[in-house]
Amino acid sequence: MQPLLGLEAGDLQALLPPGEPPFRARQLYEALYHQRAASFDQISNLPLPLRNHLAAHHSIGHLAPVSRFQSTDGTRRYLLGLADSKSVEAVFMPEDARDTLCISTQVGCPVDCKFCLTALMGLERNLTAGEIVGQVLYLAQDNGLWSDRKRINIVMMGQGEPLLNLDAVLKATRLLCDPKGLDISQRRITVSTSGIIPRIAELAQAPVRPRLAISLNASNEEQRRELMPITRKYHLSDLMEACRAYPLRPWEKLTFEYVLLRDFNDTDQDARRVVRLLANLNCKVNLIALNPGPGIPFETPGPDRVASFQAILRRSLPCFLRRPRGLDIYAACGQLKRMDSTLVSL
Ligand code: SAH
Ligand code: SF4
């Protein structure tokens with residue numbers, strides 16, 4: 001059965017029986033995304049025969065929870081089931097002023113970064129727009145976030161390389177941001193990329209698009225090629241060029257993420273090189289000390305090294321240290337690879 005989540009108003013109109021007026025498609029759209037109907041029964045403004053027709057041919061397309069892991073710091077990691085019995089991970093991180101949902105865009109990831117557990121899965125498949133929106137719907141509902149949607153922040157930093165699934169990412173973003181859809185501001189959504197240069201230019205053209213974060217992770221071409229082999233195809237110098245050409249909106253800055261790896265990219269010299277790379281860009285840097293994992297051939301730098309690196313960047317740019325969330329449940333950055341066997345789900 002074809003799921004309805006992920007379809008836009010025009011797509012919905014096309015699947016209604018001939019003769020249904022256009023306002024029925026709009027009613028259905030708002031029921032799916034604005035009222036967040038859980039079943040066809042709840043869409044009571046559609047005539048019963050139409051509801052029955054829809055229920056006979058379609059599912060709504062909500063994701064099915066498989067397991068939920070609770071961290072001592074309040075973070076929750078979810079494993080959500082897809083229609084083809086694959087599953088995907090999403091993470092809820094409560095904070096004082098806001099709540100962040102970290103969602104996936106692919107099952108696994110084809111980009112072979114040497115410090116990331118997701119890379120070890122390879123790519124299983126792209127997620128659909130409905131499956132991307134479905135993660136937000138499930139996590140926001142389960143954590144009671146709809147009563148104050150202005151607190152919701154979304155980061156597309158779970159499994160997968162979002163810019164290798166850009167059509168679905170942009171469609172999901174339109175559904176998330178539409179005031180008649182989920183009504184979440186595009187300022188509160190961030191997409192993170194390993195640097196798929198042609199897709200960055202394409203993203204720039206989209207009228208509704210998330211903020212852009214770039215996973216820099218290295219201070220020169222050679223080092224990045226070793227860590228992120230995709231750099232052989234998309235060179236660091238060209239990536240920086242694409243960043244300089246990126247049309248930022250008046251309220252926007254680029255974010256650069258930098259995973260610190262002990263004795264590999266964490267020296268003061270690296271920090272000074274990063275400052276030079278980012279000179280004249282309207283940006284900020286988020287540092288992340290490596291979250292270790294089985295099979296990852298790097299170590300986490302000590303706190304003094306991290307502090308020294310941050311201090312050098314801070315002289316020139318805003319630079320923040322991201323504290324790891326949900327480390328005890330394998331929910332932190334780079335740890336999303338279905339580490340279930342060792343954990344007890346709630
Ligand atoms: N594929 C996209 C988005 C998902 S990864 C990307 O790479 O940008 C989200 C972030 O987690 C990236 O900035 C990545 O560099 C970081 N990351 C990956 N593995 C990590 C690890 N083991 N420890 C800390 N951060 C990691
Ligand atoms: Fe994929 Fe991002 Fe992990 Fe690299 S860091 S393997 S791009 S998920």
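**A pocket lining and a ligand shell**

In this predicted model, the lining of the second largest pocket comprises eight nonpolar, eight polar and one charged residues. The volume of this pocket is about 300 Å³. Its lining consists of 17 residues, and those lying nearest the centre are Pro3, Leu5, Gly61, Thr128 and Glu131. Two elements, strand E1 (2–3) and helix H4 (129–142), give two or more residues each to this lining. Helix H4 provides the largest share, with three residues.

The surroundings of ligand 1 can be described in similar terms. Its shell holds 19 residues, and Phe115, Gly160, Ser192, Ser215 and Asn291 come nearest to the ligand. By class, the shell around ligand 1 contains eight nonpolar, nine polar and two charged residues. Among the secondary-structure elements, strand E10 (189–193) and strand E12 (254–260) each contribute at least two residues to the shell.

Individual polar contacts add detail to this description. Asparagine 291, one of the residues that come nearest to ligand 1, has a polar backbone atom 2.9 Å from a nitrogen atom of the ligand. Two further contacts involve oxygen on the ligand side. Glutamate 257 places a polar side-chain atom 3.3 Å from an oxygen atom of ligand 1, while a polar backbone atom of threonine 193 is 3.5 Å from an oxygen atom of ligand 1. On its own, ligand 1 has 530 Å² of accessible area, of which the protein covers 95%.

Definitions and conventions. Residues are numbered from 1 along each chain as its sequence is written. Chains are lettered from A and ligands numbered from 1 in the order in which they are written. This is a predicted model: local features need pLDDT of at least 70, side-chain atom pairs count only at pLDDT 80 or more; totals for chains, interfaces and linings use all residues. Side-chain values use heavy atoms; hydrogens and water are left out. A residue is near a molecule or strand if one of its heavy atoms lies within 4 Å of it. A polar contact is a pair of N or O atoms within 3.5 Å; within protein, one must be able to donate a hydrogen and the other to accept it, and residues adjacent in sequence count only if both atoms are side-chain atoms. Accessible areas come from the Shrake-Rupley method with a 1.4 Å probe; for residues, only the protein chains shown count as cover. Helices (H or I, at least four residues) and strands (E, at least two) are DSSP runs, numbered from the N terminus. Ala, Val, Leu, Ile, Met, Phe, Trp, Tyr, Cys and Pro count as nonpolar, Asp, Glu, Lys and Arg as charged, and the others, Gly among them, as polar. On a 1 Å grid over the protein atoms alone, a cavity is a set of points where a 1.4 Å probe fits but cannot get out, and a pocket is an open set with protein on both sides within 12 Å along at least five of seven lines; lining residues have an atom within 4 Å of a point. Grid points are joined across faces, edges and corners, and a volume is the space filled by probe spheres set on the points.
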